Each structure stands twice: as C-alpha cells, then as structure tokens.
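Subject: A structure for you to explore

Hi there,

Here is the structure I promised to pass on. Have a look at it first, and then read my notes below.

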Amino acid sequence: MAVSLQVIYPVSDQSRFDFDYYMSTHMKIVDDTMGPHVEQVVITKGLAGGPDQPAAYHAVATIIFGDQDAMDQAMAAAGPAVADIPNFTNVQPDLLIGEVL
C-alpha cells in the first residue's frame, strides 16, 4: 500500500521562508538523497486560507512512496535534506505520514 509523507511549513508572525531556495536547492537535495525511493512529489505553495484569508502555511510537500519500506529507506537517507532546512526557513515543519487512498 502506498504511503505519503507531508511536510507542512506553518506561517507565523516571525516565520521566514525562501521559496526560491526551497524549489531550486532544497528540493534537489531531497531528490538526490530520497529520490530513488520516491514515486511522486507534489509541492503546494500557500496562497490563501480561504476568501480574504492569508495562507496558514508557506508550503506543503507531499511525497508519495510505494510502501512503508520505501519510505523507511528514504527517511534513512534524508539527513542532508533535514540539515538543509535552516537554509530556507526558521519554521519547524509539521509532519503527517498517511496511507494513500
């Protein structure tokens, strides 16, 4: 069964997020380290939280794996990607691991 990892970057008054760096550099690191185990990646840039509402999240990365074993292997290789997070944000991301239905 396919599983997903969602990495969610919440907005706060003090948060910063360099989306250009995230897309051009960080996601390349993710691909280089975790990519062999990944089936699909979808990046969503936060634009709004509803009509006339600011976005509650800078971005959400949804990474889909064929099964739990593939995700475990990717997570074991994710050290460089995790270490890169302070280069584009001061946000501690939330994680959601789930079953893809």
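Let's begin with the largest pocket: 18 residues line it, and those nearest its centre are Leu-5, Val-7, Val-82, Ile-85 and Leu-95. Do keep in mind as you read that this is a predicted model. Four elements each give two or more residues to that lining, namely β1 (3–10), α1 (19–34), β3 (57–65) and α3 (79–84). Among them, α1 gives the most, with five residues. The space inside the largest pocket comes to about 260 Å³.

What kinds of residues make up the lining of the largest pocket? There are 16 nonpolar residues and two polar ones, with no charged residues.

Next, the largest nonpolar core. This core has 22 residues, and Tyr-9, Phe-17, Tyr-22 and Phe-65 are the ones that touch the most other members. Two or more residues come from each of β1, α1, β3 and α2 (68–76). The largest share is again from α1, which supplies five residues.

Try clicking on Phe-65 to see its surroundings. Leaving aside residues up to four places away in sequence, Phe-65 touches Ala-2, Val-3, Leu-5, Met-34, His-37, Val-38, Glu-39, Ala-70, Met-71 and Ala-74.

One more residue to find is Ser-4, which lies in strand β1. Is Ser-4 buried or exposed? Its relative accessible area is 11%, so Ser-4 counts as buried, the cut-off being under 20%. With the same sequence neighbours left out, Ser-4 touches Thr-62, Ile-63, Ile-64, Met-71, Leu-96, Ile-97, Gly-98 and Val-100.

Enjoy exploring!

Conventions. Residues are numbered from 1 along each chain as its sequence is written. This is a predicted model: local features need pLDDT of at least 70, side-chain atom pairs count only at pLDDT 80 or more; totals for chains, interfaces and linings use all residues. Side-chain values use heavy atoms; hydrogens and water are left out. On a 1 Å grid over the protein atoms alone, a cavity is a set of points where a 1.4 Å probe fits but cannot get out, and a pocket is an open set with protein on both sides within 12 Å along at least five of seven lines; lining residues have an atom within 4 Å of a point. Grid points are joined across faces, edges and corners, and a volume is the space filled by probe spheres set on the points. Ala, Val, Leu, Ile, Met, Phe, Trp, Tyr, Cys and Pro count as nonpolar, Asp, Glu, Lys and Arg as charged, and the others, Gly among them, as polar. A nonpolar core is a set of buried Ala, Val, Leu, Ile, Met, Phe, Trp, Tyr and Cys residues joined through side-chain atoms within 4.5 Å. Buried means under 20% relative accessible area, exposed over 50%, partly exposed in between (1.4 Å probe, protein chains only). Contact means heavy atoms within 4.5 Å.
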